[in-house]
Amino acid sequence: FVSQHTLECLACALERLSAEERQLIELCYWQEKSLKEVACIMGLSYGAVKLRHRSALKKLRAYMQSVC
């Protein structure tokens, strides 16, 4: 169970990401694609997707810890 407050914080945090970072997170977590699949869809190398995924999660975590 996730609280309404947590969902609102997550929505705000996602808005702070770039469009590319949001797409990557959506593909990984909402559409349940692997990083290899995301790389194909986004036309990027696996290494680039792995790095951007880690960076986007770090940004989300930092925002949620500082604001929420």
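Which residues of the largest nonpolar core touch the most other members? In this predicted model, select Leu17, Leu24, Ile25, Val38 and Leu60: of the 14 residues in that core, these touch the most other members. Then colour the helices. At least two residues of the core come from each of α1, α2, α3 and α4, with α3 covering 35-42.

**Helix α1**

Select residues 4-16, which form α1. Place a distance between the C-alpha atoms at its two ends: they lie 19 Å apart. The helix has 13 residues and, at 1.5 Å a residue, should span 18 Å, so the model agrees with expectation.

Next, show the side chains of Cys9, Ala13 and Leu14, which are buried. Look down the helix axis: the buried residues of α1 fall within an arc of 135 degrees, so they line one face of the helix. That buried set packs against α2 (19-30) and α4. Now turn to the other side of α1, where Gln4 and Glu15 are exposed.

**Valine 38**

Go back to Val38, one of the core residues picked at the start. Select what surrounds valine 38, leaving out neighbours within four places in sequence: the contacts are Leu24, Leu27, Cys28, Lys33 and Val49. Leu24 is also among the core residues that touch the most other members.

**The cysteines**

Cys28, one of the contacts of valine 38, is the next stop. Is cysteine 28 buried or exposed? Its relative accessibility is 10%, so cysteine 28 counts as buried. Select cysteine 40 for contrast: with a relative accessible area of 67%, this residue is exposed.

Draw a distance between the two sulfur atoms. For cysteine 28, the closest cysteine sulfur is that of cysteine 40, at 13 Å, which is too far for a bond. Taken from the other end, the closest cysteine sulfur to cysteine 40 is in cysteine 28. The structure as a whole holds 0 disulfides.

**Leucine 57**

Finish on helix α4, residues 46-67, and select leucine 57 within it. Leucine 57 is partly exposed, at 21% relative accessible area; the cut-off for buried is under 20%, so this residue falls outside that class.

Which residues does leucine 57 contact, leaving aside neighbours within four places in sequence? They are Ile25 and Tyr29. Ile25 is already on screen as one of the core residues selected at the start. As a last step, select glutamate 21, which is 36 residues from leucine 57 along the chain. The C-alpha atoms of these two residues are separated by 9.1 Å.

Definitions and conventions:
Residues are numbered from 1 along each chain as its sequence is written. This is a predicted model: local features need pLDDT of at least 70, side-chain atom pairs count only at pLDDT 80 or more; totals for chains, interfaces and linings use all residues. Side-chain values use heavy atoms; hydrogens and water are left out. Helices (H or I, at least four residues) and strands (E, at least two) are DSSP runs, numbered from the N terminus. Buried means under 20% relative accessible area, exposed over 50%, partly exposed in between (1.4 Å probe, protein chains only). Contact means heavy atoms within 4.5 Å. The expected span of a helix is 1.5 Å times one less than its number of residues. The arc is that of the directions from the helix axis to the C-beta atoms. A nonpolar core is a set of buried Ala, Val, Leu, Ile, Met, Phe, Trp, Tyr and Cys residues joined through side-chain atoms within 4.5 Å. A disulfide is a pair of cysteine sulfur atoms within 2.5 Å.
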